[in-house]
Amino acid sequence: MQKPQFVTLEGVEGAGKSTQKHVVCELLASHGIPFVETREPGGSPNAERIRELLLAESQTPPSDLCELLLMFAARADHIEQTIQPALASGQWVICDRFTDATYAYQGGGRALPKAWIETLQALVHPAFAPDTTILFDVPVEVGLARAARRGALDRIESEDRAFFERVRASYQEQAASEPMRYVVVDASQDAGDVSQSLRDSLTHRWFL
């Protein structure tokens, strides 16, 4: 059996990550592979408390720099307390967002310098990266319409369309720069078609 894999799911709001995550989990379960599910920001007790600070509406929201630092503070604890122990025990880790999201949201969306993110990445996880990253790519207007139907939006989900256009462009650039790591799925299709495309891509990648 191959070594435990660290698998991340990425995409703009409404891309369907939460809906499609079950496809990944069902595929692993069907092959007898143990796994844990987690998320960012969050995924460990301390990181979940930081998540509340990051996403809650507030009269004094964190500055863009503070937001970036909080993301990596949460990530440092998440890696130490959840991700690394699971991988060490032989379990795969399925994570909703990771550092690629920081490049997309804080780098692309907030226009913070890429060098800042690279410096923090080198500090928090210098030699650790996902084995597979699944990007659910969807036009921003489609994703935002889906997100609005879910109900109340958090602080970051409430950003304007231009913000998310920059986020999507950043994700597309990252995927193009690392084609061996990324699996890009057209998430504008019906949910059933997205699930089938995802299942086929991952089966070919992991089990054939």
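In this predicted model, helix H3 covers residues 64-88. The helix has 25 residues, and at 1.5 Å a residue it should span 36 Å. Its end C-alpha atoms lie 34 Å apart, which agrees with that expectation. H3 is bent, however: the chain turns by about 45° at Ile-79. Just after H3 comes Gly-90, with a positive phi of about 95°.

A second positive phi, of about 80°, occurs at Arg-97, although this residue is not a glycine. Arg-97 sits in the loop that links strand E3 (92-96) to helix H4. Another loop runs between strand E2 (35-39) and helix H2 (45-55), and it holds Pro-41. The peptide bond joining Glu-40 to Pro-41 is cis, with omega at about -10°.

The packing of two helices was then examined. Two packed helices are described by the angle between their axes and by the distance between the axes. For H4 (residues 99-109) and H7 (residues 161-177), the angle is about 135° and the axes are 8 Å apart. H4 is therefore oblique to H7, since the angle is neither over 145° nor within 65 to 115°. The crossing of H4 past H7 is right-handed.

On the H4 side, the contact is made by Asp-100, Ala-101, Tyr-103, Ala-104, Tyr-105, Gly-108 and Gly-109. They meet Phe-163, Phe-164, Arg-166, Val-167, Ser-170, Tyr-171 and Gln-174 of H7. Of the residues in this contact, 8 are nonpolar, 4 are polar and 2 are charged.

Definitions and conventions:
Residues numbered from 1 in each chain as written. Predicted model: local features only at pLDDT ≥ 70, side-chain atom pairs only at ≥ 80, totals over all residues. Heavy atoms only, no water. Axes fitted to C-alpha atoms, helices over the stretch in contact; angles between N-to-C directions. Helix = DSSP H or I, 4+ residues; strand = E, 2+ residues; numbered from the N terminus. Parallel < 35°, antiparallel > 145°, perpendicular 65-115°, else oblique. Left-handed = near helix turned anticlockwise from the far one by under 90°. Contact = heavy atoms within 4.5 Å. Nonpolar A, V, L, I, M, F, W, Y, C, P; charged D, E, K, R; others polar. Expected span 1.5 Å × (residues − 1). Bend = angle between axes of the 7 residues up to and from the residue.
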